[in-house]
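Please open the structure in a viewer and keep the sequence panel visible. The tour below proceeds by selection, stating at each stop what is to be found there.

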Amino acid sequence: MTKTIKSTVVTLAASVALFLTVFLCTGFTTAKTASADTGCTHAYEQTEIAATCTEQGYTLYTCADCGEEKKDNYVDAKGHNYTESVVVATCTTAGYTLQTCTDCGHTYTEQTESAKGHTFEVVVVPNTCTHKGYTTHFCTVCGYEYSDNYTDEIGHDYEKVEVAPTCTERGYTKHTCSVCEDVFFDNYIDALGHTYEAVVTEPTCLDGGFTTYTCATCADSYIADYTEPNGHSYTETVNAATCVTYGYTDHVCNDCGDRFVTDYVQPKGHKYLDVLVPATPDSLGYTRHICVDCNYSYLSDYVTNPKNPSSPKFISTLTKFRLWTTARI
């Protein structure tokens, strides 16, 4: 490519030289002829045309009256001023050097290496119940990928389980794929609803009554129908005070047996009647004290018979007990 451009430049330069030779020999003559024909005395305006990479520069004379033009003072074309950029090869494109003229932007390329080709990594994706299987080829250099070797979906293999309805939940059939565990439900059956049985708990003196409802199917239960406690129903019994015990009023509930006591009365104490029993030749004398309310008695003041000096002045404890027993009777 470089050789071709240089040859073109040489040819162009030769053509320009030939043009200048012809122009110098005939150009001014033609202008004069035109001037003679038109009768214009020409008032030329001068314009400098700069040389480019591929075109000559020159001075352009243009008549302001008739527009006639002529050129002279030619300057050679500058030629291109190239800078070089290296573009490396990719998987699909060749590498090259890009030559760019800094003056006019003209470019051309020179190949430096061929395309490298892809470096594929292969990933096999198996088919599933709902998606095809395939092989993916992924280039680890540029990211390009494509797929091939497609296989059809397997399709689901469902196993079904029937779930019976309960009191509160619907029944249904559950289908589960043995391969991918996909699940769906159908064949719904309405919930059965509860079948409650009632047990009434009667109120007591202190606790309210209520009814317990229990489902015969699932044992679910709840309580309702509350009633107030009955309260106690007391019977009062007055127990009078005795000589030695307190008197009181006894309150006993007829329903639950709850009991409490009120109205205590102090014991009355004994009211004794004293009976003097004289001594005999065969027995001791004594004083017997008898309670007129409860008949309790006791003995005191033992004496002997003065006409029987042989009677013992002192009696034994056993003899006193016998006499006390006699007095009680």
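Two strands are said to pair if DSSP finds at least two bridges between them. With that rule in mind, select E48 and T59: the bridge partner of E48 in β2 is T59. Please note from the outset that the model is a predicted one.

**The first two strands**

Extend the selection to strand β1, residues 44-49, and strand β2, residues 57-63. These strands pair in the antiparallel sense, and six bridges join them. Now colour β1 by accessibility. How many of the six residues of β1 are buried? The number is zero, so β1 lies largely in the open.

**The whole protein**

Zoom out to the full model. The protein has 21 strands and two helices. Of its 329 residues, 21% are buried. The accessible surface comes to about 23,000 Å², and carbon and sulfur atoms account for 55% of that surface. Among the contacts with a separation of 6 or more, 31% are between residues 24 or more positions apart.

**Aromatic pairs**

Next, display the aromatic side chains. A search of the whole structure finds 17 aromatic pairs. One of them is formed by Y58 and Y74, whose ring centres are 5.7 Å apart with 45° between the planes, a tilted arrangement. This pair links distant parts of the chain, with Y58 in strand β2 and Y74 in strand β3 (residues 69-75), 16 residues apart. Are these two rings buried or exposed? Y58 has a relative accessible area of 19% and is buried; Y74 is likewise buried, with a relative accessible area of 19%. Both values fall under the 20% limit that defines a buried residue.

Move on to Y234 and F260. Their ring centres are 5.0 Å apart and their planes stand at 90°, so the pair is edge-to-face. Y234 belongs to strand β16 (residues 234-239) and F260 to strand β18 (residues 259-265), so the pair ties together parts that are 26 residues apart in sequence. Y234 is partly exposed, at 31% relative accessibility. F260 is also partly exposed, with a relative accessible area of 35%.

**An aromatic cluster at the surface**

Select F120, Y144 and Y146 together. Ring pairs link these three residues into a cluster. F120, Y144 and Y146 also form a nonpolar patch on the surface, and together they have about 270 Å² of accessible area. To inspect one member, centre the view on Y144, which is in the loop between β8 (133-139) and β9 (145-151). Y144 is partly exposed, its relative accessible area being 42%.

**Two residues with positive phi**

From that loop, continue into strand β9 and select N149. Phi of N149 is near 55°, a positive value in a residue other than glycine. N149 counts as exposed, at 53% relative accessibility.

Then select D263, which is placed in strand β18. Here phi is near 55°, again a positive value in a residue other than glycine. D263 is exposed, with a relative accessible area of 52%.

**The salt bridge**

Which residue forms a salt bridge with D250? Select R259: the closest N and O atoms of D250 and R259 are 2.7 Å apart. The count for the structure comes to one salt bridge. D250 is buried, with a relative accessible area of 13%, whereas R259 counts as partly exposed, at 48% relative accessibility.

**A buried threonine**

For the last stop, select T211 in strand β14 (residues 209-215). T211 is buried, with a relative accessible area of 8%. Add D225 to the selection: the C-alpha atoms of T211 and D225 are separated by 5.6 Å, although the two residues are 14 residues apart along the chain. What else is in contact with T211, leaving aside its neighbours within four places in sequence? Display A198, V199 and V200, then Y222, I223 and A224; together with D225, these residues are the contacts of T211 beyond those neighbours.

Terms used: Residues are numbered from 1 along each chain as its sequence is written. This is a predicted model: local features need pLDDT of at least 70, side-chain atom pairs count only at pLDDT 80 or more; totals for chains, interfaces and linings use all residues. Side-chain values use heavy atoms; hydrogens and water are left out. Buried means under 20% relative accessible area, exposed over 50%, partly exposed in between (1.4 Å probe, protein chains only). Helices (H or I, at least four residues) and strands (E, at least two) are DSSP runs, numbered from the N terminus. Contact means heavy atoms within 4.5 Å. Patches are made of residues with over 30% relative accessible area and no salt bridge: like charges are joined within 9 Å, nonpolar side chains (Val, Leu, Ile, Met, Phe, Trp, Tyr) within 5 Å. Accessible areas come from the Shrake-Rupley method with a 1.4 Å probe; for residues, only the protein chains shown count as cover. A salt bridge is a side-chain nitrogen of Lys or Arg within 4 Å of a carboxyl oxygen of Asp or Glu. Rings of Phe, Tyr and Trp (its six-membered ring) pair if their centres lie within 6.5 Å; planes under 30 degrees apart count as stacked, over 60 as edge-to-face and the rest as tilted.
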